[in-house]
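Colleague: I'd like to walk through this model with you, a few residues and features at a time. Could you put it up on the screen?

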Amino acid sequence: MSGDPAEAMARLDARIAGCRRCPRLVAWREQVAREKRAAYADEDYWARPVPGFGPADARILVVGLAPAAHGANRTGRMFTGDRSGDWLFASLHRVGLANQPESVARDDGMVLHDLRMAAPVRCAPPANKPTPQERSTCAPWLDRELAILAPSLRVVVALGAIGWQASLDALDRAGWTVPRPRPRFGHGVEAGLARSAPSGRATRGQDVTLLGSFHPSPHNTFTGRLTEQMTDEVFRRAGQMAREGP
Ligand code: SF4
């Protein structure tokens with residue numbers, strides 16, 4: 001990938017936002033936007049695919065699952081406007097990776113430091129469950145995002161087991177060597193991925209550490225399976241590896 005990464009990422013973001021490749025998800029994201037949740041009845045929903053958020057030369061990439069119907073599908077920004085995002089941005093602020101703790105709208109002034117967020121599926125799926133075909137149809141967008149990030153990337157934080165698998169798949173396709181057997185997901189688990197020798201695929205970039213975190217969904221945070229301290233430890237560690245290496 002050559003040229004200015006910010007310009008390349010802006011072009012990619014615009015292309016993603018116009019994608020209509022998955023008929024079921026296009027119908028769902030637009031239906032949700034018409035029907036709305038009562039609390040947001042006066043808002044215009046985004047109702048399109050949600051591009052990544054954060055600098056195009058970030059050393060840390062956070063990979064979630066998919067936009068929430070009344071969260072990012074409403075606001076148009078990753079993790080913005082739902083409880084998972086509230087938890088996540090508050091932690092990023094506590095550890096110095098975000099300039100403010102609250103993320104409520106695309107124009108709220110949020111700035112991420114050295115960190116970008118993306119999802120393997122860019123449209124809100126019914127019941128938060130994309131089909132395998134939808135995951136595979138959307139995967140090339142994450143591949144293109146990784147190609148732009150590759151020269152700076154040091155750490156990928158995967159939120160949940162699906163984010164972990166999607167990250168391994170995308171890193172493998174992008175030219176990193178995934179250990180065999182494949183590392184298993186767990187909170188705080190780290191897996192080192194070496195940059196492959198030149199083989200016709202992209203060769204820029206360096207070794208990357210994949211770092212697992214339980215997803216900050218209400219299911220995990222309300223039950224105490226994931227605490228603020230556990231989230232902060234993951235992102236503090238990500239920041240440390242980004243600066244100093246593993
Ligand atoms: S999920 Fe991905 S591939 Fe499918 S319509 Fe949305 S952006 Fe396009």
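**Walking through the model**

Colleague: Where is the place of P181?

Modeller: Bear in mind that this is a predicted model, where local features need pLDDT of at least 70, side-chain atom pairs count only at pLDDT 80 or more, and totals for chains, interfaces and linings use all residues. Numbering runs from 1 along each chain as its sequence is written, and side-chain values use heavy atoms, with hydrogens and water left out. Helices (H or I, at least four residues) and strands (E, at least two) are DSSP runs numbered from the N terminus. On that scheme, P181 goes in the loop between β4 (176-177) and β5.

Colleague: What is omega for the peptide bond that joins R180 and P181?

Modeller: P181 belongs to that β4-β5 loop. The bond joining R180 to P181 is cis, and its omega is about -5°.

Colleague: Which strand holds W176, and is W176 buried or exposed?

Modeller: W176 has its place in strand β4. Buried means under 20% relative accessible area, exposed over 50%, and partly exposed in between (1.4 Å probe, protein chains only). W176 comes in at 1%, so in strand β4 this tryptophan is buried.

Colleague: What does W176 touch?

Modeller: Contact means heavy atoms within 4.5 Å, and residues up to four places away in sequence aren't counted here. P67 isn't a partner to look for, sitting 109 residues away in sequence and 26 Å away in space, C-alpha to C-alpha. The partners of W176 are A150, L153, L171, L193, A194, R195, S196, Q206, D207 and V208.

Colleague: Which element gives the largest share of the largest nonpolar core?

Modeller: A nonpolar core is a set of buried Ala, Val, Leu, Ile, Met, Phe, Trp, Tyr and Cys residues joined through side-chain atoms within 4.5 Å. The largest one has 31 residues, and those with the most contacts inside it are L61, L153, V156, L171, W176, L193 and L210. Two or more residues each come from α1 (5-17), β1 (60-63), α5 (132-149), β3 (155-159), α6 (160-174), β5 (190-195) and β6 (208-213). The largest share, 6 residues, is from α5.

Colleague: How many residues does the other core have?

Modeller: In soluble globular proteins, nonpolar side chains tend to be buried together. Here a second core lies apart from the largest one, with L88, M110, V155 and L159 among its members. Its count is 29 residues.

Colleague: Is M241 buried or exposed?

Modeller: M241 has its place in helix α8, where it touches V155, E190, T209, L211 and P246, leaving out residues up to four places away in sequence. V208 is 33 residues off along the sequence, with 9.5 Å from C-alpha to C-alpha. The relative accessible area of M241 is 1%, so M241 is buried.

Colleague: E228 is in helix α8 too, so what is its relative accessible area?

Modeller: Helix α8 covers residues 228-244 and includes E228. Outside the four nearest places in sequence, E228 touches W87 and R94. It counts as partly exposed, because its relative accessible area is 44%.

Colleague: Where does the ligand sit?

Modeller: Near means a heavy atom within 4 Å, and the shell on that basis is C19, R21, C22, L25, P49, V121, R122, C123, T137, C138 and W141. A cavity is a set of points on a 1 Å grid over the protein atoms alone where a 1.4 Å probe fits but cannot get out. A molecule sits in one if more than half of its atoms lie within 2 Å of its grid points. By that test, the ligand sits in the largest cavity.

Colleague: How do the shell residues divide into nonpolar, polar and charged?

Modeller: Helix α5 gives the largest share of the shell, 3 residues. Ala, Val, Leu, Ile, Met, Phe, Trp, Tyr, Cys and Pro count as nonpolar, Asp, Glu, Lys and Arg as charged, and the others, Gly among them, as polar. The split is 8 nonpolar, 1 polar and 2 charged.

Colleague: What is the phi of K36?

Modeller: K36 lies in the loop between α2 and β1. At 25% relative accessibility, K36 counts as partly exposed. Although not a glycine, K36 has a positive phi of about 60°.

Conventions: On a 1 Å grid over the protein atoms alone, a cavity is a set of points where a 1.4 Å probe fits but cannot get out, and a pocket is an open set with protein on both sides within 12 Å along at least five of seven lines; lining residues have an atom within 4 Å of a point.
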